[in-house]
Amino acid sequence: MDAKPQQNPEPPPSPLPHRGATAVPPPPAPMRTTLRRAAFGAVAGAVLVAGAVIAVPDGSEESAPPVAGPVARAEAAAAAGSPASLSDLTALIGDRQKWVETHPADAPSWAVLGTAYVEWGRRSADGAYYTRAEQALQRSLAAQPGERGNAAAWVGLGALANARNDFLAGKKWGETVRAREPRNWTAYPVLIDAYNGLGEYAAAGRATEKFATLRKGAPALARTSEMYRNQGWREDALATAQEAADRATTPAEKAAALHRLGTLAGERGEPAEALAQYDAALRTDRGHLVSLAGRARALAALRRTDEALAAYRTVAAKLPRPAYLLELGELYESLGLDGDARTQYEALRSLLARAKADGVDASLTEARFEADHGDPEAAVDLMRTAWESKRRSSAVADALAWSLHRAGRSEEGMQYAERAVETGVRDASYAYHLGMIESSLGQDGPARGHLEEALRTDPGFSPLAAPQAREALDSLGEPASGGPAEMQPPEPAPEPPAPEPSPAGPTREPQREPKAEPSPEPKRSRPAAPSPRAPEPSAAAAP
């Protein structure tokens, strides 16, 4: 994989079998060494926070930490709760591997190594590293149980569970650490990711606020911006993300902040601004491949399709995440390149199978693919399982709604589509899906409104779906003049025909005839007429 370093770090041999992120830590193994505190073992392990490996080792007589260099930079990033660059992360992995080979009972170093594997797997889209991470974290807990102060390994298991999209397990590990150490700030990023993955946005907001009180600077601002975005407060999300970018102190931290600004711009329907932010992120950190994926998406929205295809191909080779392959396949399909699209979809199926073998739950992307390009009933089963396992985020609600619609059960899908839109996340695809479902049920007025909202929010939200939204809107036509029929006043009663005038001229009957019909005057004077009901309080009398 191109995203890996030239020499991939290999984990030391571990006797522990693969047990899954939800496995209960094994009973503690007896300490077989009386080593003094060594260079990387003075701190209680490590944890991933916003893509960072959290560990601040102390020095010792045995091995003094380097004054400068990639390992020191990774440690500095960890101390700040910031992401480390891929090269620095690789150096840290290699350093800890060598250390634990000769110090197998050093629990904190095993925790650092395990959480570093989690981060490398996430940044390279290589789920095989998650198995290595679990083995290292279990080795850490075997040397020192969490109950005896090894909270870092628990936090590492929480980060591992979130990376595998096992948010219930991530929540369990995060809440376990928080209950024992409420001021341990490393637990809160794990909790935030888990709560967001489960759709528990209020809990995620509280965890974000607590994290911001314990940790200042760009990492806390980044999390706060994410919270505002999930609540639909776009202006606040943008302002906070910009402040995070301004206060970033390392290239990796700066690139992450610029990527966030690009994502927010893309969701606002401003692909040119998004492209500028992604380009700035890549100039800051050439290895920030998620920004290359964002760049491809922005180029597709700008209809610079040749450039978009080139960027997507590079991303698919270096960072093969299922979502990116799905986007590339749909871009091919939108251009009429059906053969290339099928090739990407076949590669996507292989990638999904590999993710499952690595213990990664990629059902959300799989359901989106099956709903539009495969078996909608299979998509329903996937998202129904996710929903029943308490994964009730806006993304899962939207995918379940669309899968039900594509399977011919639009009425059932309506409630989930409405829930996705009502969460606060302003995603154009959510509004599009709700509008299409409403249209299929004959609710033309609401359908028109939601389709217009989708295109107003982001006119290029999908190379396939955005044109379909325009076609559906055109087929609905313009709304009836004066608004919906049910909102119109009743038709007035027809007036009786006037009598034919006599040759002698008008008589008094026609003059009295208007008095027999209701006139506007009695209507205007009706509120002043006596009534047995109590009068309404006036504005002046209101408290």
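How do the residues of the lining of the second largest pocket divide into nonpolar, polar and charged? In this predicted model, the lining of that pocket divides into ten nonpolar, five polar and eight charged residues. The volume of the second largest pocket is about 470 Å³. Its lining is made of 23 residues, and those nearest the centre are Lys 356, Val 360, Asp 361, Ala 362 and Ser 363. Four helices each give two or more residues to this lining: H6 (167-180), H16 (338-357), H17 (363-373) and H18 (376-388).

The loop between H16 and H17 also holds Asp 358. Asp 358 is buried but has no salt bridge. The nearest side chain of opposite charge belongs to Arg 354, at 6.1 Å. A salt bridge needs a side-chain nitrogen of Lys or Arg within 4 Å of a carboxyl oxygen of Asp or Glu, so a separation of 6.1 Å does not qualify. Leaving aside residues up to four places away in sequence, Asp 358 touches Gly 127, Ala 128 and Arg 164.

The chain as a whole gives the setting for these sites. The protein chain has 25 helices and two strands. Of its 543 residues, 49% are buried. Among contacts with a separation of 6 or more, 59% are between residues 24 or more positions apart.

Enclosed spaces come next. Over the whole structure, a search finds three cavities of 30 Å³ or more. The largest cavity has a volume of about 80 Å³. Its lining consists of Arg 229, Gly 232, Arg 234, Ala 237, Leu 238, Leu 264, Glu 267, Arg 268 and Arg 426. Helix H10 (234-247) and helix H11 (251-267) are the elements that give two or more residues to this lining. H10 gives the most, with three residues. By class, the lining of the largest cavity has three nonpolar residues, one polar residue and five charged residues.

For the second largest cavity, the volume is about 50 Å³. Asn 196, Tyr 201, Ala 204, Gly 205, Thr 208, Met 227, Asn 230 and Gln 231 line this space. The elements giving two or more residues to the lining of the second largest cavity are helix H8 (201-214) and helix H9 (218-230). H8 supplies the largest share, four residues. How many charged residues does the lining of the second largest cavity have? There are no charged residues in it; the lining has three nonpolar and five polar residues. The lining of the largest cavity, by contrast, includes five charged residues.

Salt bridges are the next topic. A search of the whole structure finds 21 salt bridges. One of them joins Asp 95 to Arg 96, with the closest N and O atoms 3.9 Å apart. Which of these two residues is buried, and which is partly exposed? Arg 96 counts as buried because its relative accessible area is 1%. Asp 95 counts as partly exposed because its relative accessible area is 24%.

Another salt bridge is formed by Arg 304 and Glu 307, whose closest N and O atoms are 2.8 Å apart. Arg 304 is partly exposed, at 34% relative accessibility. Glu 307 is also partly exposed, with a relative accessible area of 35%.

Glu 412 and Arg 409 form a further salt bridge, in which the closest N and O atoms are 3.7 Å apart. At 28% relative accessibility, Glu 412 is partly exposed. Arg 409 is partly exposed as well, with a relative accessible area of 29%. Both residues belong to a network of salt bridges that links Glu 377, Arg 384, Arg 409 and Glu 412.

The last site is Glu 75, which is found in helix H1 (residues 70-80). Is Glu 75 buried or exposed? Glu 75 has a relative accessible area of 12%, so this residue counts as buried. Asp 88 is 13 residues from Glu 75 along the chain, and the C-alpha atoms of the two residues are separated by 9.0 Å.

How values were computed:
Residues are numbered from 1 along each chain as its sequence is written. This is a predicted model: local features need pLDDT of at least 70, side-chain atom pairs count only at pLDDT 80 or more; totals for chains, interfaces and linings use all residues. Side-chain values use heavy atoms; hydrogens and water are left out. On a 1 Å grid over the protein atoms alone, a cavity is a set of points where a 1.4 Å probe fits but cannot get out, and a pocket is an open set with protein on both sides within 12 Å along at least five of seven lines; lining residues have an atom within 4 Å of a point. Grid points are joined across faces, edges and corners, and a volume is the space filled by probe spheres set on the points. Ala, Val, Leu, Ile, Met, Phe, Trp, Tyr, Cys and Pro count as nonpolar, Asp, Glu, Lys and Arg as charged, and the others, Gly among them, as polar. Buried means under 20% relative accessible area, exposed over 50%, partly exposed in between (1.4 Å probe, protein chains only). Lys and Arg count as positive and Asp and Glu as negative; His and the chain ends are not counted. Contact means heavy atoms within 4.5 Å.
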